[in-house]
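Colleague: I should like to understand how the terms used for this chain are justified. May we take them one at a time?

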Amino acid sequence: MRHLKGEDISSLNYRELMILEDALENGVTSIRNKQNEFLRMMRKKTQSMEEEQEQLNCQLRQLEIASMNKNMGEIGEVFQQRENHEYQNQMPFAFRVQPMQPNLQEMF
C-alpha cells in the first residue's frame, strides 16, 4: 500500500516497479471508465429531463390557450348580453347623432 502511494519505492527492483506501474495504470483506466460512464449517464438524464420539460411546457401552453379560449367565450357572452340589453332600451344610433356645427349644413 505504501508503494501505491509513492512512498519507499527506491527500495523496489525493476520487476516490482513494473508491477506497481501496471497496477496504477489499471486503476487510472478503471477510474476513467467509471467517470466516462457517469458522464454518459448524466448526459442521458439531462436529455431526458429536457424532453420532459419541453413536454410540460407544451402542456402548459395548451392549458393556457384553453383557458384563454374559455375566458374569451365567457367575455363574448357577457358583451353580447350587455349589447342586447343596452340596445333594446336605446334609440337607433342614427337618431342620436347631432352635428357639431348645425349651421354648416345650411350654408351649402
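Colleague: In which helix do E37 and R40 lie, and how many residues apart are they?

Modeller: Both E37 and R40 belong to helix 1, at a separation of 3 residues, about one turn of the helix. Please note that this is a predicted model, in which local features need pLDDT of at least 70 and side-chain atom pairs count only at pLDDT 80 or more, whereas totals for chains, interfaces and linings use all residues. Residues are numbered from 1 along each chain as its sequence is written, and side-chain values use heavy atoms, with hydrogens and water left out.

Colleague: What makes the contact of E37 and R40 a salt bridge?

Modeller: A salt bridge requires a side-chain nitrogen of Lys or Arg within 4 Å of a carboxyl oxygen of Asp or Glu. The N to O distance between E37 and R40 is 3.1 Å, so the pair satisfies that definition. Side chains of opposite charge can pair when their charged atoms come close. The structure holds 1 salt bridge.

Colleague: Why are E37 and R40 called partly exposed?

Modeller: Buried means under 20% relative accessible area and exposed means over 50%, with partly exposed in between (1.4 Å probe, protein chains only). E37 has 46% and R40 has 49%, so both fall in the middle class. Of the 108 residues of the chain, 2% count as buried.

Colleague: What makes F38, L39, M41 and M42 a nonpolar patch?

Modeller: Such a patch joins nonpolar side chains (Val, Leu, Ile, Met, Phe, Trp, Tyr) within 5 Å, from residues with over 30% relative accessible area and no salt bridge. M41, at 39% relative accessibility, is therefore above the area cut-off. Together the four residues have about 350 Å² of accessible area, calculated by the Shrake-Rupley method with a 1.4 Å probe, with only the protein chains shown counting as cover for residues.

Colleague: Which element has the highest mean pLDDT, and which the lowest?

Modeller: On this scale of the predictor's confidence in each residue, from 0 to 100, helix 1 has the highest mean, 85, and helix 2 (residues 93-96) the lowest, 52. A helix here is a DSSP run of H or I with at least four residues, numbered from the N terminus.

How values were computed: Patch = residues over 30% accessible without salt bridge, like charges linked within 9 Å, V, L, I, M, F, W, Y side chains within 5 Å. Helix = DSSP H or I, 4+ residues; strand = E, 2+ residues; numbered from the N terminus.
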